[in-house]
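Hi everyone, thanks for coming. I'd like to walk you through one structure today, so please have a look at the screen.

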Amino acid sequence: MIIRLFIAFIVIVAVIVGIMAIALPREEMIRLVMFRDFFDVSLPILGFGALVKYLCSCSCRKCACGCGTQKECCNK
């Protein structure tokens with residue numbers, strides 16, 4: 001449920017920023033440039049962190065049927 005709310009929040013923010021890009025005069029576009037600069041810096045850091053987490057995590061997965069049992073780990 002929280003994931004759906006987060007996704008809805010991200011979509012709403014994206015739509016608002018898109019509308020702002022169309023509606024704002026050139027002088028006030030600096031606010032959108034700050035968003036772009038923030039993501040230009042943060043996305044590579046987040047991507048590197050996700051890669052490290054992926055490479056260092058165990059390959060064990062829970063049962064796909066949702067019964068809660070765990071399959072045998074192939075790294076034993």
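Let me start with a question: is F35 buried, partly exposed or exposed? Before I answer, please keep in mind that this is a predicted model. F35 has a relative accessible area of 42%, and buried would need under 20% while exposed would need over 50%, so F35 is partly exposed.

Where does F35 sit? F35 is part of helix 2. Its C-alpha atom is 9.2 Å from that of V17, a residue 18 positions away along the chain. F35 and V17 both turn up in the lining of the largest pocket, together with I10, V13, A14 and F39. Two elements each give two or more residues to that lining, namely helix 1 (2-23) and helix 2 (30-56). Helix 1 provides the largest share, with four residues.

What about the pocket itself? Its volume is about 150 Å³. As for chemistry, the lining has six nonpolar residues, with no polar and no charged ones.

Now let's stay with helix 2 for a moment. With 27 residues at 1.5 Å a residue, helix 2 should span 39 Å, and the C-alpha atoms at its ends are 40 Å apart, which agrees. There is a bend along the way, though: helix 2 turns by about 30 degrees at S42, and a proline, P44, comes within four residues after that.

Last stop, the aromatics. How many aromatic pairs does the model have? The count is one. That pair is F38 with F39: the ring centres are 5.1 Å apart and the planes meet at 75 degrees, and since over 60 counts as edge-to-face, so does this pair. How open are these two residues? F38 has a relative accessible area of 51%, so F38 is exposed. F39, which we met in the pocket lining, is partly exposed at 42%.

That's my tour, and I'm happy to take questions.

Note on methods. Residues numbered from 1 in each chain as written. Predicted model: local features only at pLDDT ≥ 70, side-chain atom pairs only at ≥ 80, totals over all residues. Heavy atoms only, no water. 1 Å grid on protein atoms, 1.4 Å probe; cavity = no way out; pocket = protein on both sides within 12 Å on 5 of 7 lines; lining within 4 Å. Points joined across faces, edges and corners; volume = space filled by probe spheres on them. Nonpolar A, V, L, I, M, F, W, Y, C, P; charged D, E, K, R; others polar. Expected span 1.5 Å × (residues − 1). Bend = angle between axes of the 7 residues up to and from the residue. Phe/Tyr/Trp six-rings, centres within 6.5 Å; stacked < 30°, edge-to-face > 60°. Buried < 20%, exposed > 50% of the residue type's maximum accessible area, 1.4 Å probe, protein only.
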